[in-house]
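Hi there,

Here is the model I promised to pass on to you. Please open it alongside this note, and I will walk you through what turned up.

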Amino acid sequence: MSNPDLVGLAFVPLTGLAIGMSPDLLSMPGDIVTKPTSGIGARRSANRDEETRPAKYDAKRQSIVEAAGKVFNREGFERASMSAVAREIGVDRATLYYYFSSKEDLFDDVVGSIVEKNLKMCTAIRDSKLKPARKLRDLMVQLMQSYDEHYPFFYIYIRENLSHVSDKRTAWSKRMRQLNQQTTDAVIDIVEQGLADGTLRKVGSPRVIAYGLFGIVGWTHRWYRPGNCEVSATEIGSTYAEIFIAGLENQY
């Protein structure tokens, strides 16, 4: 992974107008609906509360997310549309707007959640009582497990450099860069812990070492496909961790 901003570490053709939506909103480039004229937007906002929304809402939402992941991965995020996601899942496009206002809303919500979870995982490992080498090992394994669990959204984020987006998503992009930087800082802290107690060798800058760790794990987006790989994400993470840590541990 060459760009440090990327570390973190995510709909049936219209046969008629959707009820309550004007034609111009439905035909905007990228299928972005910014101003639904019915109560769809209000109901979507109300269902953002995980504690009060019905279970069937979560199940339907997850099926949409999974279908979107397939479309985004197959067609590329920029070329994908809400219409394509609707076709993938077999519903009319209007149904999707009860859950997400646009493909950007869907992707940003899913990926933002993944990045936040990865940051919490990294900081928890950093603050644990484990030895620095073990922390690095656990971190690499758990990052691979996260990539596997949330496939393909985080890989799409890495592949298409979606930490830098258009002006209308500036706030989200800024938040992603902040989370990515905090995640990087957590790994740098672990490396510095190892240098301080003498268990890791100073082979280079802690920041460069951290970028190397993310690069090793992140490059798996080029070839790793859950369910279509002879080794598991856990095994991949463990293998890379052993190689990585072998070059850092102080043997003397």
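**Helix α3 and what follows it**

Let me start with α3, where the buried residues are Tyr57, Arg61, Ile64, Val65, Ala67, Ala68, Gly69, Val71 and Phe72. Please keep in mind that this is a predicted model. The end C-alpha atoms of α3 are 30 Å apart, which agrees with the 30 Å that its 21 residues should span at 1.5 Å a residue. After α3 comes glycine 76, with a positive phi near 90°.

Arginine 61 may catch your eye, since a charged residue appears in that list. Arginine 61 belongs to helix α3 and has a relative accessible area of 15%, so it falls under the 20% cut-off and counts as buried. Leaving out residues up to four places away in sequence, arginine 61 touches Tyr99, Phe100 and Asp109.

**The chain as a whole**

Stepping back, the protein chain has 11 helices and zero strands. Of its 252 residues, 47% count as buried.

The largest nonpolar core holds 62 residues, and those with the most contacts inside it are Phe72, Phe107, Leu136, Phe153 and Leu213. At least two residues of this core come from each of α3 (55-75), α4 (82-89), α6 (103-126), α7 (132-149), α8 (153-159), α9 (170-197), α10 (206-218) and α11 (233-246). The largest share is that of α6, with 10 residues.

Which residues are in contact with phenylalanine 72, if we leave aside its neighbours within four places in sequence? They are Phe77, Ala80, Val85, Lys103, Leu106, Phe107, Phe153, Ile156, Arg159 and Glu160.

**Helix α4**

In α4, the buried residues are Met82, Ser83, Ala84, Val85 and Ala86. Among the elements that cover them are α3, α5 (93-96) and α6. Alanine 84, a residue of helix α4, is buried, with a relative accessible area of 5%. Its C-alpha atom is separated by 9.2 Å from that of alanine 67, and the two residues are 17 residues apart along the chain. Just after α4, glycine 90 has a positive phi of about 80°.

**Aromatic rings**

There is plenty to look at here: the count of aromatic pairs comes to 13. One of them joins tyrosine 151 and tyrosine 155 in an edge-to-face arrangement, at 5.8 Å centre to centre and with 80° between the planes. Are these two tyrosines buried or partly exposed? Tyrosine 151 is partly exposed, because its relative accessible area of 25% lies between the 20% and 50% cut-offs. Tyrosine 155, at 4%, is buried.

Ring pairs also link a cluster made up of Phe72, Phe77, Phe107, Tyr147, Tyr151, Phe153, Phe154, Tyr155, Tyr157 and Trp172. One member, phenylalanine 77, has the charged end of lysine 103 over its ring, 4.9 Å from the centre. Both phenylalanine 77 and lysine 103 are in contact with phenylalanine 72.

Please also look at the peptide bond from tyrosine 151 to proline 152, which is cis, with omega near 5°. Most peptide bonds are trans. Proline 152 is in the loop between α7 and α8.

**Helix α10**

Further along, α10 has 13 residues and reaches 18 Å from its first C-alpha to its last, close to the 18 Å expected at 1.5 Å a residue. Serine 205 caps the N-terminal end of α10, with a side-chain oxygen 3.2 Å from the backbone nitrogen of arginine 207.

The buried residues of α10 are Pro206, Ile209, Ala210, Leu213, Phe214, Gly215, Val217 and Gly218. They pack against α7, α8, α9 and α11. Leu213 is also among the residues with the most contacts inside the largest nonpolar core.

**One more pair**

Finally, threonine 123 lies in helix α6 and is partly exposed, with a relative accessible area of 22%. The C-alpha atoms of threonine 123 and aspartate 189 are separated by 9.5 Å, with their positions 66 residues apart along the chain counted as the distance apart.

Over to you, and happy browsing!

Best wishes

Methods. Residues numbered from 1 in each chain as written. Predicted model: local features only at pLDDT ≥ 70, side-chain atom pairs only at ≥ 80, totals over all residues. Heavy atoms only, no water. Core = buried A, V, L, I, M, F, W, Y, C linked by side-chain atoms within 4.5 Å. Buried < 20%, exposed > 50% of the residue type's maximum accessible area, 1.4 Å probe, protein only. Helix = DSSP H or I, 4+ residues; strand = E, 2+ residues; numbered from the N terminus. Contact = heavy atoms within 4.5 Å. Expected span 1.5 Å × (residues − 1). Polar contact = N/O pair within 3.5 Å; in protein donor to acceptor, adjacent residues only side chain to side chain. Phe/Tyr/Trp six-rings, centres within 6.5 Å; stacked < 30°, edge-to-face > 60°. Lys NZ or Arg CZ within 6 Å of the ring centre and 35° of its normal.
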